[in-house]
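Trainee: Could you take a close look at one part of this protein with me? I would like to know how the cysteines sit, and then how that fits with the rest of the chain.

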Amino acid sequence: MLLRAGSLSPSLRPCPLFGFLTKTPSFFIHCPPFPPLPPLHFHHSLCPTLSFVSRKLPMNRFSQFCTFSAVTGKSSSPNAPLSNKEKKKVRRESPQGVLLHKLGVCSKDRNLVEALQLYDDAKVNNVRLALEHYNMLLYLCSLGLEGFVELGLERGFEIYKRMRVDNIVPNEATFTSVARLAAAKEDPEMAFDLVKQMKSYGLLPKLRSYGPALYGFCSRKMADKAYEVDAHMVESGVLAEENEIRALLKVSVDLGKEDKVYEMLHRLRVTARQVAEESAVVVEEWFGSTSAAEVGEENWDVRKIKEGVVKGGGGWHGQGWLGKGKWKVVRTEMDESGVCRSCREKLVCIDIDPRETAKFSISLTKLACEREAKEAKASFLQFQEWLQRHGPFDAVVDGANIGLSNQQSFNFLQLNNVVNQLRDISPSKKLPLVILHRSRVIGGPALHPRNKKLLENWKKSGALYATPHGSNDDWYWLYAAVSCRSLLVTNDEMRDHLFQLLGTSFFPRWKEKHQVRIAVSRQGLKLHMPPPYSIVIQEAEQGSWHVPTVTGDDLEIPRQWLCATRTVEPINISKAENTSKATKPLSQLF
């Protein structure tokens with residue numbers, strides 16, 4: 001318990017109980033907000049003021065009174081409740097609050113040595129640490145900072161042990177940091193056990209929680225344990241992303257587990273669609289291996305393959321490896337119609353289920369209403385009603401993006417050029433819907449007579465909607481394009497936080513089939529329509545594979561693809577018994 005004097009005055013006198021100065025009729029004493037203030041035992045003659053206050057107040061109010069006076073230097077009325085601002089100040093200026101702030105600075109600066117010194121000082125001064133303090137310390141210890149790996153490991157486990165002794169209940173961040181320490185210690189089994197312990201605390205693991213165990217097992221070629229971690233993730237509702245699938249694919253390739261390689265390729269198809277260069281290298285490694293040349297069905301049921309393609313929606317069949325022999329693996333490109341420049345296989349365009357689109361439209365409305373302010377929410381609902389009256393449209397234009405694309409200031413002439421081109425290619429010859437923020441319609445370049453006339457014509461045709469102040473026009477043009485099942489003209493890559501909220505399952509597929517981008521050059525403005533094929537891993541009916549990479553974007557730089565083929569001659573064996581070594585159908589692998 002700490003005590004400090006307030007402003008000096010003649011009424012200050014020694015307090016025999018604490019050995020500091022106190023002020024009559026009030027005094028300043030600091031009682032840290034945690035741990036709770038223990039009962040005080042003293043004789044009222046030693047400190048009359050303290051005795052008076054303690055007799056008049058409950059212990060929790062007495063603690064608040066003492067703490068506020070100590071931190072602020074003000075003599076608060078004992079019966080007046082502390083405001084939220086005052087409570088925050090008390091917490092911030094307490095020993096625990098000061099320590100938390102300093103550890104936060106260390107975390108930001110990745111300063112492990114300073115953080116450990118603060119921890120040691122806190123132990124000497126008997127400052128009780130909370131969960132937040134321990135998590136920051138464990139996080140820094142688990143970073144594996146260059147030159148301090150061993151120090152982080154040694155002190156990290158020591159701090160975790162102290163945390164358990166102090167009966168601090170861990171959370172997901174705690175387990176994840178300690179799991180990283182275990183992985184750094186080359187003990188993925190311990191890292192996995194820590195994830196399993198989370199259930200007993202009522203905690204749900206996150207993707208990051210599994211990383212230390214999964215990557216640890218994969219790097220040590222412990223494939224069965226890695227698959228066990230993967231199964232635990234599925235059971236916990238945690239979806240693996242490209243990095244995790246690539247690690248599983250790599251260990252499967254290294255050990256020649258053809259069934260698992262087949263499964264992971266299809267999981268990449270669903271999850272990543274286009275793969276990073278690191279994943280492409282692993283895929284190339286598989287198709288160039290001896291194991292890949294030896295596995296596959298030499299005689300297969302053509303009818304069953306076709307049924308698999310129809311059931312999957314096109315672009316894959318899921319019936320296992322087809323053919324045998326050495327694969328030819330090359331980096332290549334697709335022509336404008338989707339024909340591979342290497343093997344001449346034509347890629348397919350995978351349809352989107354209309355029910356998925358309708359469901360996505362509903363979820364988009366819900367998300368927009370949740371994210372917008374109350375007034376903006378009402379405006380968005382009014383837009384939906386307006387769209388029902390004036391729609392549907394064959395195309396929707398993100399007016400701000402198109403008007404500013406490759407321009408220093410907003411260009412209505414460029415926007416009008418796009419609108420006219422879209423009308424010319426529209427089956428109904430109807431103007432597209434232009435979405436603009438109200439500020440773009442009533443000020444700046446919009447005041448020019450030519451532009452005012454243009455805006456007036458769009459408005460009369462029911463082809464212009466001005467979003468109100470306080471609204472995010474992204475929600476408007478995206479909802480209009482989805483609900484009208486129309487093209488969306490924008491160069492926005494739609495990668496920021498707003499679009500991440502839409503998920504990675506349906507939205508990337510919808511965007512691929514509906515987004516029109518523009519390119520401005522000396523030759524003029526050109527519309528780049530969606531490709532007539534799906535940019536996703538495709539498995540052909542003849543057994544060849546085409547894997548798109550993230551290199552290139554099909555606009556200025558041709559996208560790079562991996563093409564893996566081998567010479568095969570299918571034999572329809574619908575009624576014949578197949579005895580060759582074959583991969584199980586995908587339906588049996590999950």
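Mentor: Let's start with C218, which is buried because its relative accessible area is 9%, under the 20% cut-off. C369 has a relative accessibility of 15%, so C369 counts as buried too. Keep in mind as we go that this is a predicted model. As for sulfur bridges, a search of the whole structure finds 0 disulfides.

Now let's turn to a serine. S94 sits in the loop between α3 (84–93) and α4 (95–109). Is S94 buried or exposed? With a relative accessible area of 0%, S94 is buried. The side chain of S94 also has a polar partner: one of its polar atoms lies 2.8 Å from the backbone oxygen of R91. That distance is within the 3.5 Å used for a polar contact.

With those residues in mind, here is the wider setting. The protein has 590 residues, and 47% of them count as buried; C218, C369 and S94 are among the buried residues. Its secondary structure comes to 25 helices and 14 strands. If you take the contacts between residues at least 6 apart in sequence, 69% join residues at least 24 apart. Finally, on the outside, the accessible surface comes to about 30,300 Å², and carbon and sulfur atoms account for 53% of that surface.

Definitions and conventions:
Residues are numbered from 1 along each chain as its sequence is written. This is a predicted model: local features need pLDDT of at least 70, side-chain atom pairs count only at pLDDT 80 or more; totals for chains, interfaces and linings use all residues. Side-chain values use heavy atoms; hydrogens and water are left out. Helices (H or I, at least four residues) and strands (E, at least two) are DSSP runs, numbered from the N terminus. Buried means under 20% relative accessible area, exposed over 50%, partly exposed in between (1.4 Å probe, protein chains only). A polar contact is a pair of N or O atoms within 3.5 Å; within protein, one must be able to donate a hydrogen and the other to accept it, and residues adjacent in sequence count only if both atoms are side-chain atoms. Contact means heavy atoms within 4.5 Å. Accessible areas come from the Shrake-Rupley method with a 1.4 Å probe; for residues, only the protein chains shown count as cover. A disulfide is a pair of cysteine sulfur atoms within 2.5 Å.
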